[in-house]
Structures are given as C-alpha cells and as structure tokens.
Amino acid sequence: MPAKPMPETTPEGSAPTADEKGPPAEGTTTATTATTARTAALTGGSVPAEAVAPLIRGIAVLRELTEANGTLSLSGLERATGLARSTVDRITATLARMGYVRFDGRDVHLSPRLMELGNAYLSALRLPALLSPHADALADELDESVSLAVADQDGIRFIHQATRRRAMSLSFRIGDLLPAERTAPGPLFATEWTAADWQRWRDRRVADPRDLSFTAVPPRTQEPGARDDDTFARRTEEASANGWSLDDQLIEPGLVAISVPVRAPRADGRITSADGRIPGADGRIANVDGRIASVASVVSHTSRHTAHHLRTTLLPRLRSTVEAMERELRHTPPPEPGPPPSDLALWTGASKQQLGRGFIESLARGLTVLTAFGEGRQELTLTEVARATGLARATARRALITYEHLGLVAPAGRTFTLTPRVLSLGFPPLSRTSLPEIAQPHLADLTSRIHESTSLAVLSDSGEEIQYTARVTTARVMSVNITVGTRLPAYPTALGRVLLADAAAGTNPNPGDEGVLASVRSQGYALVDEELEEGLRSIAVPIRDRSGRVVAALNTALHASRRTPRECVTDLLPELTATATRIQTDFHTAARFTRVPTS
C-alpha cells in the first residue's frame, strides 16, 4: 500500500476545511497498518512537493480494493484509506468513468479493464510473451505447476502461472507479492542485493515481523529471530554457489518448490549459464555479472514430491527449460513499438466538462501515464510519455514524480520504466476471473435496457449441446425459465447456431444445415423463431477471443407476442451487438496475459 494519503484538496489544489478531512480511519486492520508501514519505508516516507495528491489517493483506493480481493463497500474504503467519504465517492466515480471499477449497490468492484495497467508493464517487460510458452510446456510435461517471478524490492512477484487443476493446487496469482525469504526464488534474487538492499530487508522484517503485509501468504505464527536472518543469508550463499534454490515448506506445510534463474543477455549478446557463468573461448567457465531477468520454478506438494526428489529428478528438466528460455531472450529481436494510447488528454477533459466536480481529472490523467508504456516502449523519456498520452509535459512530469515516490516507476537517466509493483493495482484478483464473471454485469445492464432476459452460453465438447454459463432474468409474469448450467440441443437455439456457425468444416454435427449456418456466419447473428418451443423467439450474437474465434454466444429470448422477428433485428440486435463488444473488450484485456476460462 502507499504511504498515508496526502491531505485532501479542493477541488484539486487548495487545502480542505476541517469538515472535508473526514474522521480518522476506524477498524483499520493490522495487515493494513503493516502494509502502510512497509510502503512508507520503501518510498522514504516523505511526499515530494510536486507529487499529485489525488493520484496518490486514487492509487490507495485501488490497492485497498486489491487487498480486499476486488470488492469493498464505500464505507469499507473510507475506513481502510482514512479518506473522507466525499473523497472516496469522487475517486470511485472517476475510476468507474474510466471503466476501472463498477458499482453494485454500495459495493465497489474492480473491473477487468483495470488490467490494462498491469498489461502495460507485462508487455513492456516482454518476459511473459517470450518465456510463458516454455513454462507451459514444462508444466504439461511434468504435470506440475510452473511459475515465473521477478524481483520487487525485498519480495518476489509472479508474472506467469501455469497451474494444474487438482483438488489441492497452487493458489498464487499473477501479481501476487511474496516475501523473498519464504520462497525458492528469493535467495536467487538476493544474490544480487546490495548492502542497502539487505538493510531494507532487515527494516521490513522489524516493521512487519509476521508478514501481515504479504496477503498472498499465511502470516507467520511467531516472529522471526536472528537465526531466521542467518538462515536466509546462508540460503542465498548456497543459491549463489549452486545456481538453484529450494523451498522446503517455508510458506506452508506441504508446499515445496525448486527454482533456477533465467538470465538476460549480456552486452555482447551471450547468455550466462544458470549458475551465473559462461563458457570462455577455451571452453572453461568464467564468472560474469549476468543479471537475473526472471526466476522459473516448479512447485509441487510433498504428497507428490519431496524437496530432495525435486532436486534430483525435476531440476535437470527445469534447467533444460531455462536454457531454452535464455536462447529465446538472446535470439528474439526487439519488437517494433506498438501504437501508444491516443487522445487520452482530450477524453479526460471531456469527462471533466461532463461530470464536473465528480470527476477528478488529475487522477484520470495520472493513470493514463501508465498506459503510455507497452510493447516496444519499455523505456520512455518525459517527452515520449507526454506525446503518447497527449498530456502537457508538466502534467506528465508530476505524474512520473508521483509514481517514482510510490515505487511504480523507476528512473534510469533520462528515461523511465514501469516496475513490477504496477501489478499491485488490481491484477491478482482480476487474473482469476472467468468469461461468465466478466459478462455478468454487462448482461445485467442489457437486461435493464431491453427488459428481456439475457444469457451467455458455450458449446459442449460434443458440439451437440449448448450450456448456459451466465444469465440475468427480467421481472415478468411470463418469462423464459432457464438457469445457469442448463443444457439444450445446439441447432434449434439461436445461441447454438452462432456457436456452430464458427465450428470448423467437417465437425458440424448437422452438416445438412450448412446453408443456415453459412447465413449466420455472414450476417453475424442468429434468429430462431419458435423452433425450440412454440411461442419462444430468440436472437443471439457471437463473443470472440483475441484470435477472432467464437468462444461463447450472447442472446435474449422472449415470447413471440412481444416482438416480431423484424423488431428483434431492428430493436434488439443493436443492443446485443453493443453489449457483445463491451464484453469482448473486457475479455481481451483480461486474456492478454492470463487464461480466462470460458465457463
């Protein structure tokens, strides 16, 4: 979490009155206090004079929502952040306007679009795109979970997870932060720590002895002592000598892991070996200062592998995969810069004019700065950030100063880069979302507009049935009675025809109906009139993944007396199509670096 939010300003510049400051935070949890203390230590505590106060407060709200697994009430946010209720209302209204949160009564939920901030970091980093296929292949081969992590100060943060679906499976998510000393990757990253890094680690251990600020791991049952510090130092020395590290039930009983570093190419283009050395011209191994780009880990349970068995059996295969990863890093050319965001400054200005004081323009502008980074745009100058976002240099500069203070941006000479801490802005809880969860609020909005029940469905493995995965009903005396999980024959339904129309040639279970399905493909929707049941009329449109493949369908079904087939096309189809576009936008954002289940 960020340091204690700065004093409130009105509207975005002057000091507040006593009434605007609000009461002190009541009911603040011990974990929140520990997290705040930890972040204050990392940021140096004092806030730069040119930092943007509304941006700091907005980041605080996003982090509290993240720590609460994506949902908090407005009053809960007020207590957790210590901000005045009016400030919380304005911040959440601004975030909702940006599509980063949504309201459900008095509750605030993180929305998938917020993941574009984490996506900016991950795409700029390039490691997930280059290394995750190798991690996924290893997970399939070993039938064990495989993860990729990067260093984040004195912790480690996951950037990729290839998990196995078991009754007892790994629960860590992309973006989760773990204390270095309780993990297998931690000692490997610690081999590159400076004296200042070690001191920061010791200070954090004093401020948060039970690891309460690391909400992804169980708290320590007792405070660590000097012996624990010595143990981590010894593990770091062993990791430096061996080129690998082991976690033997440090996080919780039964959990074991083994890790090997993935090293970045040197300036001469060569990759160091897993133990930080490279072969010389004479074939001998010479020590070099190869930097660790990431750490790959195989994670298991003692019911499947002991720590000793991980080392003797799985370590060679892990090392082989790491070598393939390093070859990928060495031989893949840098990408061409992708298109930066456009007209963001104009959008925020227009939103301010429309919503007035309820929209905090400096918060919205500050958040758009993070989206300036991306594939081919890992390091940007101040001028490049301003050009990409359309913001004035002074505005972009203040946002970057604020992010540097919060540890979200790191300066490097004249350029700036995003840090792994950007993933703390909603990515962990949102990385486990499913397509039905993404679609549900959009279905609710659609139903409220057209006053008809709406549904999402997928095709069964056999291709002969559809299964409903999300549904919102309307309050009518006579309505379609279908629940989530219901299965129906595919072809007689509009949902099924949309899904079948995209099926590969030769796999259609109703080849005699190809003419009808070809028409569905060309027109982009299916209308079924009383074929499944007398009096039931339905119209459906496709939901496509990032590759353009149809993975689900969206429909509305109604009694034939309420609208003619033509009215279904003229009145309902535009609403369905617009909703499908919104669902796809969220779906594509969420699925860029995570696997989003479709059911």
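Is Leu 406 buried or exposed? Leu 406 is buried, because its relative accessible area is 0% and buried means under 20%. The model in which this residue sits is a predicted one.

## The chain as a whole

The chain has 599 residues, and 53% of them count as buried. Its secondary structure comes to 20 helices and 20 strands.

About 25,900 Å² of the chain is exposed, with carbon and sulfur atoms supplying 50% of that area. Among contacts between residues at least 6 apart in sequence, 67% join residues at least 24 apart.

## Helix H15 and Leu 406

Leu 406 belongs to helix H15. This helix covers residues 393-406, which makes 14 residues. From the first C-alpha to the last, H15 reaches 20 Å, close to the 20 Å expected at 1.5 Å a residue. The buried residues of H15 are Ala 396, Ala 399, Leu 400, Ile 401, Thr 402, Tyr 403, His 405 and Leu 406. An α-helix has 3.6 residues a turn, so residues three or four places apart point the same way.

After H15 comes Gly 407, with a positive phi near 80 degrees. Leu 406 can also be placed relative to a residue elsewhere in the chain: its C-alpha atom is separated by 7.9 Å from that of Ile 56, although the two are 350 residues apart along the chain.

## Helix H3

Helix H3 runs over residues 53-67. Its 15 residues should span 21 Å at 1.5 Å a residue, and the end C-alpha atoms are 21 Å apart, so the expected and computed spans agree.

How many of the 15 residues of H3 are buried? The count is 14, and the helix is mostly covered. Just after H3, Asn 69 takes a positive phi of about 65 degrees.

## Two buried residues in other helices

Ser 123 is located in helix H6. With a relative accessible area of 6%, Ser 123 is buried, because the cut-off is under 20%. Setting aside residues up to four places away in sequence, Ser 123 touches Gly 374, Glu 375, Arg 592 and Phe 593. The C-alpha atoms of Ser 123 and Phe 373 are separated by 8.3 Å, while their positions lie 250 residues apart in the count along the chain.

Thr 321 is in helix H11, which covers residues 307-331. At 6% relative accessibility, Thr 321 counts as buried. Apart from neighbours within four places in sequence, Thr 321 is in contact with His 134 and Leu 138.

## The largest pocket

The largest pocket has a volume of about 1,300 Å³. Which residues lie nearest its centre? They are Tyr 121, Leu 125, Ile 292, Ala 293 and Gln 378, out of 37 residues that line the pocket. By class, the lining has 21 nonpolar, 7 polar and 9 charged residues.

Several helices and strands each supply at least two residues of this lining. The helices are H6 (115-125), H7 (127-142) and H9 (195-207). The strands are S4 (145-152), S11 (292-301), S13 (409-412) and S14 (415-418).

Technical notes:
Residues numbered from 1 in each chain as written. Predicted model: local features only at pLDDT ≥ 70, side-chain atom pairs only at ≥ 80, totals over all residues. Heavy atoms only, no water. Helix = DSSP H or I, 4+ residues; strand = E, 2+ residues; numbered from the N terminus. Expected span 1.5 Å × (residues − 1). Buried < 20%, exposed > 50% of the residue type's maximum accessible area, 1.4 Å probe, protein only. Contact = heavy atoms within 4.5 Å. 1 Å grid on protein atoms, 1.4 Å probe; cavity = no way out; pocket = protein on both sides within 12 Å on 5 of 7 lines; lining within 4 Å. Points joined across faces, edges and corners; volume = space filled by probe spheres on them. Nonpolar A, V, L, I, M, F, W, Y, C, P; charged D, E, K, R; others polar. Areas by Shrake-Rupley, 256 points an atom, 1.4 Å probe, with all protein chains shown as cover.
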